[in-house]
Each structure stands twice: as C-alpha cells, then as structure tokens.
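Here are my notes on the model you sent over. Have it open beside you and follow the points in turn.

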Amino acid sequence: MSDVNRRRVFLDEIVLGPVWLRRDGGIALFDGAPEAVDIMPSQALAIDPEMSRPIANDSSAWPDNDNAVATLSPAPHIGIAATSPLSMDWPQLQQAAANCSACGLCHGRKNTVFGVGDSKAKWLFIGEGPGPNEDVQGEPFVGPAGKLLDNMLWAMGLRRGENAYIANIVKCRPTDGSGRDRPPSPEEVAACLPYLQRQIELIRPSVLVALGKTAAVSLLGLDPATPVSNLRGSVHLYSDLPLVVTYHPAYLLRQPADKGKVWADLCLVMSTYAQAGE
Ligand code: URA
C-alpha cells in the first residue's frame, strides 16, 4: 500500500476524514484552515470498556480524576547537582530513570516507562503517565489510547519510532489504594519532571504536543484547574519551544465527538512545525 493510501486508511479509521487530495496526488494536510476539514462523528472505534466510563471533565487520561492533579512549575535549570538528571547524557538518563526511587511510584512499578521513538525526533508527544499495559511492556501508549495515538501520528504522516518521540510526565504507573489508575500527584510530577526536561533538552524537538491536562499544566506550570479547552487553539512556549495542547487520546476514546477538535489541534501542530521552517 502506498504511503498516501495508508494515511487515508488511518485518517478514515480515526474518522477524521475526508482526506483532501491535492491534484498531484499528495494529501493536503497542511492546506487550509482546520475548520475546512469535514469532521465526521465517530461510532467506529473499538473502545475498551474500561476506557468508556463516563467522565466529569476533559482533564486527563483516567476517568476518575476529579480530585486530581498534578502540576508544578518545571524544576529550575540552575544549581543542579552533578547527579541531577539535568546534567546527564541519554544513556545515563535512561539508566537513572530505570533505577529511580525519587517518589513512591517506584514501589508499585513493574517497569519504568522512559519513552519511545527517535531520540532526534522533531515531534515530541507527551502524555500523563503509564497505565497497566505500559507498566508491563515498559513502553508508552501501548493500550487502546496508544492505538489511537498511533493513528493520529499516521494521519500526520508520522510514525512511532521514526520521526516522533513519545514520553510521559511521569515514568511509573500511578495507582490508587485499589490499584486503579489515577493522575500523578504534584509531588510525583515534581520528582519525575527533571527526566522529561532533560529528554526535551537532548531531543530538541521542533514542536511539542501536550496530550491532556496533566501534560499541559505540568509543562507550562499552570494552575491544575485550567481546563484543556482553555489551552487549545494557541501555540504556547515550553522554554523556547512551541507547544500545542490537545485532548488526551484516552479522553478521546470516551468522548469521540471531540475528535474534530483534536484534528484541528493536529493541524495547528503541523502548521506550527511548518512555520518553524522544518
Ligand atoms: N496514558 C498516558 O498518558 N500515557 C501512556 O503511556 C498511556 C496512557
């Protein structure tokens, strides 16, 4: 299957079609305002019943997160001890994350989930934290939300592991007393964020995409109560890098009617990338 047809299949699958074709046969992903894309409501996704519980807000990956969350300003980049993640190279950082015991999440983890993809990627996607599948496999976004994220990447002409990198705000799975997934606490975010900060410094992506509220408020140092809906539609800055906020794929599995908004956000990501001269 050609790349163009494959992209069309993936666009169809996430029901973001129709695909606009240029006369030269390419997909006009960068042409026109996001509003020009005809968004179809979805009934087609195979949804994990766990992910389809009703939710009260648009915040993050996990349905029961009303009491959540998670934000702290990024840790300062000055006064760093020699052993700080902020001074490490990539292999040291991986090793340190794998052995990390900076917060209580280390006690329940099967694996740390460092990230996946091209360490020189131009596109960096950042989620909240590992869930059960990620904890077992040690890779981010491998469950149902991950399938949707992969489809979103395909729709943008990207692929996990090639020109995109996928990471999370925290690298170990947060669970509550009953073993259910929950958003990370502010303390857990603060303990883990230096790893992600260093990953961003080493990758130097052209554009960051914050998937959901936890990623957005943690990276931008915002009030945890800030709704994703307030952050969408404009280009923020993380350090000097452009950052676009969109809904978390897990939220989208529960609220497929918002897929059109996500496609608009991805169009903003692509135009931001194009404007960065890449
Ligand atoms: N949700 C996230 O935010 N990250 C993952 O890796 C998986 C689900």
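1. Start at the ligand: one of its oxygen atoms sits 2.9 Å from a polar backbone atom of Phe-141. Bear in mind as you look that this is a predicted model. The backbone of Gly-129 also takes part, with a polar atom 3.0 Å from a nitrogen atom of the ligand. With Asn-168 it's the side chain instead: an N or O atom there is 2.8 Å from a ligand nitrogen. How much of the ligand's accessible area does the protein cover? On its own the ligand has 230 Å² of accessible area, and the protein covers 98% of that.

2. Now look at who stands around the ligand. The residues there are Gly-127, Glu-128, Gly-129, Glu-134, Pro-140, Phe-141, Asn-168 and His-248. Sorted by type, this shell has 2 nonpolar, 4 polar and 2 charged residues.

3. His-248 deserves a stop of its own. You'll find His-248 in the loop between β6 and α9 (249-254). Is His-248 buried or exposed? Its relative accessible area is 4%, and the cut-off for buried is under 20%, so His-248 counts as buried. A polar atom of the His-248 side chain also lies 2.9 Å from the backbone nitrogen of Ala-250.

4. Step back from that loop into strand β6, residues 241-246. Here 6 of the 6 residues are buried. Try checking the two faces separately: Leu-241, Leu-243 and Val-245 are on one side, Pro-242, Val-244 and Thr-246 are on the other, and both faces are covered.

5. Which strands does β6 pair with? Strand β4 (residues 207-211) runs parallel to β6, joined by 4 bridges, and in this pair Ala-210 stands opposite Val-245. Strand β5 (residues 235-238) is also joined to β6 by 4 bridges, but that pair is antiparallel. There, Tyr-238 is opposite Leu-241. The hairpin of β5 and β6 has 2 residues between the strands, and Ser-239 in this hairpin has a positive phi near 55 degrees. As background, strands of a sheet pair through backbone hydrogen bonds, either parallel or antiparallel.

6. Now for the whole sheet. It's an open one of 6 strands, in the order β1-β3-β2-β4-β6-β5, with mixed pairing. β1 (116-117) and β5 are at the edges with a single partner strand each, so one side of each has no neighbour in the sheet. For β1, have a look at strand β3 (residues 164-168): the two pair in the antiparallel sense over 2 bridges, and Val-116 faces Ile-166 of β3.

7. Finish with helix α10, residues 259-275. What span should its 17 residues have? At 1.5 Å a residue we'd expect 24 Å, and the end C-alpha atoms are indeed 24 Å apart, so the two agree. α10 is mostly covered, with 12 of its 17 residues buried. Among the buried ones are Val-262, Trp-263, Leu-266, Val-269, Met-270 and Tyr-273. A handy rule for reading a list like that: an α-helix has 3.6 residues a turn, so residues three or four places apart point the same way. Polar and charged residues turn up among the buried ones too, including Lys-259, Asp-265 and Thr-272. Just after α10, look for Gly-277, which takes a positive phi of about 80 degrees.

Notes
Residues numbered from 1 in each chain as written. Predicted model: local features only at pLDDT ≥ 70, side-chain atom pairs only at ≥ 80, totals over all residues. Heavy atoms only, no water. Expected span 1.5 Å × (residues − 1). Buried < 20%, exposed > 50% of the residue type's maximum accessible area, 1.4 Å probe, protein only. Pairing = 2+ DSSP bridges. Near = heavy atom within 4 Å. Polar contact = N/O pair within 3.5 Å; in protein donor to acceptor, adjacent residues only side chain to side chain. Areas by Shrake-Rupley, 256 points an atom, 1.4 Å probe, with all protein chains shown as cover.
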